[in-house]
Amino acid sequence: MSSSSTTMAAIWALAIIHLLLLLPLLRSSIVFELHGDVYPTGLFYVTMNIGEPAKPYNLDVDTGSPLTWLECDAPLQSTHKGPHEAYRPTPTNVVPCDDERCVAVHRDLGLAHDCTRNPDQCDYVFGYKDGESSLGVLLADQFSLPTNNENRPNLAFG
């Protein structure tokens with residue numbers, strides 16, 4: 001191999017290495033500060049601004065299921081203990097049972113998807129190995145994400 005080919009190969013190798021080093025900068029990602037612990041809090045959460053107008057809520061990062069949820073102000077007995085008020089859904093926030101997001105949640109949680117009992121909302125219940133459970137309704141609302149654009153995605157959560 002001639003010295004010019006070796007030099008050209010070295011230049012290309014450096015160019016490829018520099019491009020590979022830049023790849024993480026080209027991805028679109030957002031990092032959220034995770035709070036909580038196993039004991040005494042018993043959960044991990046991120047604070048998210050949700051709704052219109054946007055208000056802070058603690059969104060539970062459920063490490064025992066594929067569902068992310070938050071405490072809602074529902075007719076059932078609330079166990080809300082967070083520093084923010086409980087989320088108050090409106091009828092427009094409720095995801096109907098025939099929605100594709102409901103189908104996906106039931107599939108991911110291993111639940112039967114049956115809309116005959118309650119077609120107007122997507123109910124779920126998930127049991128944990130320790131005997132506890134999460135019972136709720138799938139909702140969707142606008143999330144304020146720390147990005148440079150003004151888009152506020154409408155995301156589903158429990």
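## A walk through the core, a helix and two disulfides

Let's start with a pair of strands: β4 (123–127) and β5 (residues 133–137) run antiparallel to each other and are joined over five bridges. Strands here are DSSP runs of E with at least two residues, helices are runs of H or I with at least four, and both are numbered from the N terminus. Two strands count as paired if DSSP finds at least two bridges between them. Before going on, keep in mind that this is a predicted model, in which local features need pLDDT of at least 70 and side-chain atom pairs count only at pLDDT 80 or more, while totals for chains, interfaces and linings use all residues. Residues are numbered from 1 along each chain as its sequence is written, and side-chain values use heavy atoms, with hydrogens and water left out.

Back to the hairpin. V125 of β4 has L135 as its bridge partner in β5. Five residues sit between the two strands, and in this hairpin G131 takes a positive phi near 95°. β4 also has two faces: Y124 and F126 are on the covered one, whereas D123, V125 and G127 are on the uncovered one.

Where do Y124 and F126 end up? They belong to the largest nonpolar core, a set of twelve residues that also includes L67, W69, V95 and L138. A nonpolar core means buried Ala, Val, Leu, Ile, Met, Phe, Trp, Tyr and Cys residues joined through side-chain atoms within 4.5 Å. As for the wording, buried is under 20% relative accessible area, exposed is over 50%, and partly exposed lies in between (1.4 Å probe, protein chains only). In soluble globular proteins, nonpolar side chains tend to be buried together. W69 touches, among others, Y124, Y128 and S134, leaving aside residues up to four places away in sequence; a contact is heavy atoms within 4.5 Å. There is also a second, separate core of ten residues, among them V46, Y57, L59 and Y87.

Now for helix α2 (100–109). Its buried residues are C102, V105, H106 and L109. They cover an arc of only 95° around the axis, so they sit on the same side of α2; the arc is taken from the directions from the helix axis to the C-beta atoms. What covers these buried residues includes β4. The face turned away from the buried side carries the exposed residues E100 and R107. At the N-terminal end, D99 acts as a cap, with a side-chain oxygen 2.7 Å from the backbone nitrogen of R101. After the helix comes G110, with a positive phi near 75°.

Finally, the structure holds two disulfides, each being a pair of cysteine sulfur atoms within 2.5 Å. One joins C97 to C115, at 2.1 Å from S to S, and is left-handed, with -85° about the S-S bond. C97 lies in the loop between β3 (55–60) and α2 and C115 in the loop between α2 and β4, so the pair ties together parts 18 residues apart in sequence. C97 is buried, at 3% relative accessible area, but C115 is partly exposed at 23%. The other disulfide joins C102 to C122; this link is right-handed, with 85° about the S-S bond. The pair links helix α2, home of C102, to C122 in the loop between α2 and β4, 20 residues apart. Both C102 and C122 are buried. Counting bonded cysteines along the chain, the pattern is 1-3, 2-4.

How values were computed
Polar contact = N/O pair within 3.5 Å; in protein donor to acceptor, adjacent residues only side chain to side chain.
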